2 protein chains.
Amino acid sequence: MGLIHVMGFAVTIHENEKARIPFAEQAYSELKRQILTNELPHGSQFLEQEIAEQLSMSRTPTREAMVRLANEGLVEVRPRHGMRVLPISPKDMAEVYGIITALESSAAGILAGMDLSEDGLQSLMKAVDDMDTALEHDDLNSWVIADYEFHRQMVVLTGSVRMLQLVDTFRDQIHRVRMTTLHMRPKPYKSNEDHRAVVAAILARDVKKARDIQRNHQEMAAKMLIKLLNENHMTHI
Amino acid sequence: MGLIHVMGFAVTIHENEKARIPFAEQAYSELKRQILTNELPHGSQFLEQEIAEQLSMSRTPTREAMVRLANEGLVEVRPRHGMRVLPISPKDMAEVYGIITALESSAAGILAGMDLSEDGLQSLMKAVDDMDTALEHDDLNSWVIADYEFHRQMVVLTGSVRMLQLVDTFRDQIHRVRMTTLHMRPKPYKSNEDHRAVVAAILARDVKKARDIQRNHQEMAAKMLIKLLNENHMTHI
DNA sequence: ACTTTCAATAACGTATACTTAAACTTAAAT
DNA sequence: ATTTAAGTTTAAGTATACGTTATTGAAAGT
């Protein structure tokens with residue numbers, strides 16, 4: 001059984017169709033899926049009972065899933081009001097981007113400073129190529145996937161499972177905003193350039209440069225998105 | 001009721017002795033306390049039942065606490081083996097320090113780039129002074145507390161609650177190691193210097209310098225601790 | 001002795017039952 | 001009419017009950 005990450009979703013592959021998935025786990029991934037796809041829109045609230053019924057299981061595993069989602073910052077659990085899908089404000093965006101920026105710029109520096117495998121390098125360059133192709137075809141959906149893959153792969157290659165888990169978690173937190181703003185923002189030509197530049201810096205083993213480019217890239221992205229939110233009076237998405 | 005963080009412990013202050021604390025919450029903080037103080041040593045294992053009895057409550061809130069601790073990386077929960085306090089390897093230390101370094105160096109940069117309040121600045125300088133005093137008196141316990149306070153305060157001042165929660169979590173993960181190595185390492189004169197230098201860079205509004213000093217400071221600390229662990233064949237603490 | 005099979009045990013996952021107290025209703029009083 | 005107080009409802013927190021299945025230990029076979 002393996003896990004593949006696609007756009008923040010943990011997709012489970014059943015190789016030996018043996019292990020049955022515990023209800024608590026099912027509840028967690030199903031709820032998370034519903035939140036990320038906006039099936040459960042921000043602000044919507046549900047009592048334990050309601051969720052349990054919707055998932056056709058008892059409150060016990062439901063509750064466990066809710067606790068986990070709350071820890072991840074996707075929902076809020078208030079004692080007699082159930083679980084509420086948290087909206088994201090510009091301030092939240094700034095915080096989350098601040099964390100992702102810190103982690104990913106560090107990751108870029110780590111890659112520049114280590115012996116990166118040929119395969120690893122290829123996976124990065126493939127992601128950038130995919131981004132270019134997607135942009136040529138004006139295929140924004142493919143572009144997000146490739147972009148996501150690039151950022152994720154960079155952290156994967158550092159070998160830090162903790163760092164990977166963190167960026168995954170925080171990317172999930174702002175997934176909704178990224179998707180809704182995707183068609184409102186200018187075409188991301190600059191992003192592709194930046195990514196190529198990061199790869200170049202990694203290849204040149206220039207640690208500081210790799211960090212700086214990645215940091216700047218993220219800071220620009222955050223600035224643009226937050227500006228977009230404010231201009232469109234989307235104070236909480 | 002307020003929370004004060006001292007050395008990774010969330011100490012609850014009962015001001016209006018009104019709100020009763022849910023068992024799940026009690027279980028969480030009590031178990032966490034026991035793990036951080038080494039009352040539950042690394043590697044030790046406990047069944048849900050045993051923990052529930054020790055805390056004189058049922059398995060339900062106990063289980064909830066275990067899930068949360070597992071999410072934080074302090075314990076591991078394996079289906080029929082109960083909860084096991086996770087040991088920390090040099091590789092774990094490297095990962096955790098990698099994350100703290102990324103976050104705190106970013107935090108230092110943020111402080112240098114923003115209008116820091118007079119109070120905020122004072123709190124940082126006070127922590128450095130406390131570190132000096134502690135070192136003069138050869139009082140390592142006070143030194144750790146002041147050091148902890150400095151690092152924590154830096155993140156507090158950025159205003160990012162998410163970043164604060166992260167560094168708290170990861171600091172907790174390596175708390176044991178820091179405490180056991182405290183008396184094995186050379187006197188931390190260099191740390192105090194570094195901290196002063198960071199404050200100076202923040203005052204000078206030199207963003208890059210603040211980041212660089214903080215990063216270097218942490219990287220040196222990590223290197224030293226990991227070396228110490230390896231030299232003393234402490235492969236998992 | 002060492003491995004393998006099978007049965008007994010018990011730990012976990014989940015459901016359900018119970019208790020408490022917050023939130024809502026209704027009624028009374030100003 | 002607005003606030004206050006009492007009563008009712010019900011969601012959450014916790015305990016307990018139950019079924020399933022991994023683990024363990026003994027017995028049988030090599």
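A crossing of two helices is called left-handed if the near helix is turned anticlockwise from the far one by less than a right angle, and right-handed if clockwise. With that in hand, on to the model.

## Ground rules

This is a predicted model, so local features need pLDDT of at least 70 and side-chain atom pairs count only at pLDDT 80 or more, while totals for chains, interfaces and linings use all residues. Residues are numbered from 1 along each chain as its sequence is written, chains are lettered from A and ligands numbered from 1 in the order in which they are written, and side-chain values use heavy atoms, with hydrogens and water left out.

## H4 against H10 in chain B

The crossing of H4(B) and H10(B) is right-handed. Helices here are DSSP runs (H or I, at least four residues), strands are E runs of at least two, and both are numbered from the N terminus. Helix H10 covers residues 207–231 of chain B, and H4(B) packs on it at about 160 degrees with the axes 8 Å apart. Those axes are lines fitted to C-alpha atoms, for helices over the stretch in contact, and the angles run from 0 to 180 degrees between N-to-C directions.

That angle is why H4(B) and H10(B) come out as roughly antiparallel. The cut-offs are under 35 degrees for roughly parallel, over 145 for roughly antiparallel, 65 to 115 for roughly perpendicular, and oblique for the rest. The residues of the contact between H4(B) and H10(B) split into 15 nonpolar, eight polar and four charged. For that split, Ala, Val, Leu, Ile, Met, Phe, Trp, Tyr, Cys and Pro are nonpolar, Asp, Glu, Lys and Arg are charged, and the others, Gly among them, are polar.

## H6 and its partners in chain B

How far apart are the axes of H4(B) and H6(B)? They are 9 Å apart, and helix H4 (residues 90–113) of chain B meets helix H6 (residues 140–158) of chain B at about 55 degrees. That makes H4(B) oblique to H6(B), and the crossing of this pair is left-handed. Contact means heavy atoms within 4.5 Å. From H4(B) come B:Glu104, B:Ala107, B:Ala108, B:Ile110 and B:Leu111, and from H6(B) come B:His151, B:Met154, B:Val155, B:Leu157 and B:Thr158. By type, the contact of H4(B) with H6(B) has seven nonpolar, two polar and one charged residue.

H6(B) also packs on helix H7 (residues 161–173) of chain B, at about 155 degrees and with the axes 8 Å apart. H6(B) and H7(B) are therefore roughly antiparallel, and their crossing is right-handed. On the H6(B) side sit B:Tyr148, B:His151, B:Arg152, B:Val155 and B:Val156, which meet B:Met163, B:Leu164, B:Val167, B:Asp168 and B:Arg171 of H7(B). The contact of H6(B) with H7(B) divides into six nonpolar, one polar and three charged residues.

## Helix lengths and burial

The expected span of a helix is 1.5 Å times one less than its number of residues. For the 19 residues of H6(A) that gives 27 Å, and the end C-alpha atoms are 28 Å apart, which agrees. H6(B) has 19 residues too, and reaches 28 Å against the expected 27 Å. H4(A), with 24 residues, should span 34 Å, and its end C-alpha atoms are 34 Å apart.

Buried means under 20% relative accessible area, exposed means over 50%, and partly exposed lies in between (1.4 Å probe, protein chains only). In H6(A), 14 of the 19 residues are buried, so that helix is largely enclosed by the rest of the structure. H6(B) likewise has 14 of 19 buried, so it is largely enclosed. H4(A) has 19 of its 24 residues buried, so it is largely enclosed as well.

## Positive phi

Most residues other than glycine have a negative phi. A:Ser56 has a positive phi near 45 degrees; A:Ser56 lies in the loop between H2 (48–54) and H3 (59–71) of chain A and is exposed at 62%. In chain B, phi of B:Ser56 is also near 45 degrees, and B:Ser56 is exposed at 62%. Just after H6(A), A:Gly159 takes a positive phi of about 85 degrees, and B:Gly159 does so just after H6(B).

## A buried strand residue

Is A:Val85 buried or exposed? A:Val85 lies in strand S5 (residues 82–85) of chain A, and at 0% relative accessibility it counts as buried. Beyond its neighbours within four places in sequence, A:Val85 contacts residues including A:Ile35, A:Leu40, A:Leu74 and A:Arg176.
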